Amino acid sequence: MSLFEETVEDYLPLIKDWIDPLPPPIVEEHEGFLIVRDDLIGGGSKIRFADYLIRSQPEIKEWVYGSSPATGYAQISLARLCTKYDKKAVIFMADRAVEKRHPYQLQAIQEGAIMNWVPNGMLSVTEKRARDYVSDNPTSRRLLPIGFDDPTVIASIIRVAQSMDVSPSEVWTVGSSGTLTRGLQLAWPDAEFHCVRVGHTGTYGRAKIYKSSYAFNKPTKVLPPFPSAPTYDAKAWEFMLEHASPGALFWNVGA
């Protein structure tokens, strides 16, 4: 089934007892655009969107992820969620010298992540290490796909977006896996979507795609007037200034 054939009814029954664990997203106006300030919640939007997934599977004791770059926010989100629900966040990531570890990596460790450092760890290698680890004990370990691209996460994105007091006609996101934009497209089917691609090539539904010229781990020099992850969300700003319509909504995942 393609995204164009999917509807919210394909997803919402998966999370019948869902509740948002956090206050509703704050939306502010900056330079004529509506900005969803999920940088304010600490840990990024995945703290909202993956909460049901982690909470609803008590048999899973270890949540395993092999798709996070050093500059990725998912490592922080997963660590916080696993601490909240007394689980282990086990992450396989490319090794780097201690003094060169990214602040996000250090924060994830501080939040409780168990890091497995992989020498010369290309994404395909860290993902395989994670898969192998899960296969050793599949009843109590579960592998998270890149971008936490799980049906319950898509469903949670829909529920959060539809609960907000906004009905945007144009929506911008940054995308790697494309999980966020696809969920929002289902929530707001009449809106026009734009996605600035960084790093991994994912699936972006009907969004118009722009490609950042910066390497995934390099920060943008064009920063927005609100806190935003310089290697990720902030990379949308220069494209919005050039292409976005007045009143367009941007989903800021973290900072």
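Visitor: Leaving aside its neighbours within four places in sequence, with which residues is Asp95 in contact?
Guide: In this predicted model, Asp95 lies in the loop between strand E4 (88–94) and helix H4 (103–110). Its C-alpha atom is separated by 9.5 Å from that of Met115, 20 residues apart along the chain. Beyond its neighbours within four places in sequence, the contacts of Asp95 are Arg101, Trp117, Val118 and Pro119.

Visitor: Is Asp95 buried or partly exposed?
Guide: The limit for a buried residue is a relative accessible area under 20%, and an exposed residue has over 50%. Asp95 has 39% relative accessibility, so Asp95 counts as partly exposed.

Visitor: How is Ala215 classed by its relative accessible area?
Guide: Ala215 belongs to the loop between E9 and helix H8 (237–243). The C-alpha atoms of Ala215 and Ser169 are separated by 30 Å, with their positions 46 residues apart along the chain. The relative accessible area of Ala215 is 38%, and therefore Ala215 is partly exposed.

Visitor: In what order do the six strands of the open sheet stand?
Guide: The pairing in this sheet is mixed. Strand E1 (27–30) and strand E9 (208–211) each have a single partner strand, so they stand at the edges, and one side of each is left without a neighbour in the sheet. Neighbouring strands are turned by 25 degrees against each other on average, direction ignored. The order is E1-E2-E10-E7-E8-E9.

Visitor: Over how many bridges do strand E2 and E10 pair?
Guide: Strand E2 comprises residues 33–37 and pairs with E10 in the parallel sense. Within this pairing, Arg37 stands opposite Asn252 in E10. The number of bridges between E2 and E10 is four.

Visitor: Which residue in E10 is the bridge partner of Trp172?
Guide: Strand E7 (residues 170–175) also pairs with E10 in the parallel sense, over two bridges. Val171 stands opposite Leu249 in E10. For Trp172, the bridge partner in E10 is Phe250.

Visitor: Which residues of E10 point the other way from Leu249 and Trp251?
Guide: In a regular strand the side chains alternate between the two faces of the sheet. In E10, Leu249 and Trp251 point one way, and all the residues named here are buried. Those that point the other way are Phe250 and Asn252.

Visitor: Which helix gives the largest share of the largest nonpolar core?
Guide: The largest nonpolar core has 53 residues, and Trp63, Leu78, Phe148, Leu184, Trp188 and Trp251 touch the most other members. Its largest share, seven residues, comes from helix H6 (residues 151–163). A second, separate core of 15 residues includes Val174, Tyr210, Phe226 and Phe250. The helix with the largest share of the 53-residue core is H6.

Visitor: What is included in the cover over the buried residues of H6?
Guide: H6 has 13 residues and reaches 18 Å from its first C-alpha to its last, close to the 18 Å expected. Its buried residues include Val153, Ile154, Ile157 and Val160. What covers the buried residues of H6 includes helix H1 (46–49), helix H2 (51–55), H7 and strand E10 (249–252).

Visitor: Which backbone atoms are in polar contact with the side chain of Gln185?
Guide: Gln185 is part of helix H7 (residues 179–187). Its relative accessible area is 4%, so Gln185 is buried. A polar atom of its side chain lies 2.9 Å from the backbone nitrogen of Arg206, and the side chain also reaches a backbone oxygen at 3.0 Å, that of Tyr204. The atoms asked for are the backbone nitrogen of Arg206 and the backbone oxygen of Tyr204.

Terms used:
Residues are numbered from 1 along each chain as its sequence is written. This is a predicted model: local features need pLDDT of at least 70, side-chain atom pairs count only at pLDDT 80 or more; totals for chains, interfaces and linings use all residues. Side-chain values use heavy atoms; hydrogens and water are left out. Buried means under 20% relative accessible area, exposed over 50%, partly exposed in between (1.4 Å probe, protein chains only). A polar contact is a pair of N or O atoms within 3.5 Å; within protein, one must be able to donate a hydrogen and the other to accept it, and residues adjacent in sequence count only if both atoms are side-chain atoms. A nonpolar core is a set of buried Ala, Val, Leu, Ile, Met, Phe, Trp, Tyr and Cys residues joined through side-chain atoms within 4.5 Å. The expected span of a helix is 1.5 Å times one less than its number of residues. Contact means heavy atoms within 4.5 Å. Two strands pair if DSSP finds at least two bridges between them. Axes are lines fitted to C-alpha atoms, for helices over the stretch in contact, and angles run from 0 to 180 degrees between N-to-C directions.
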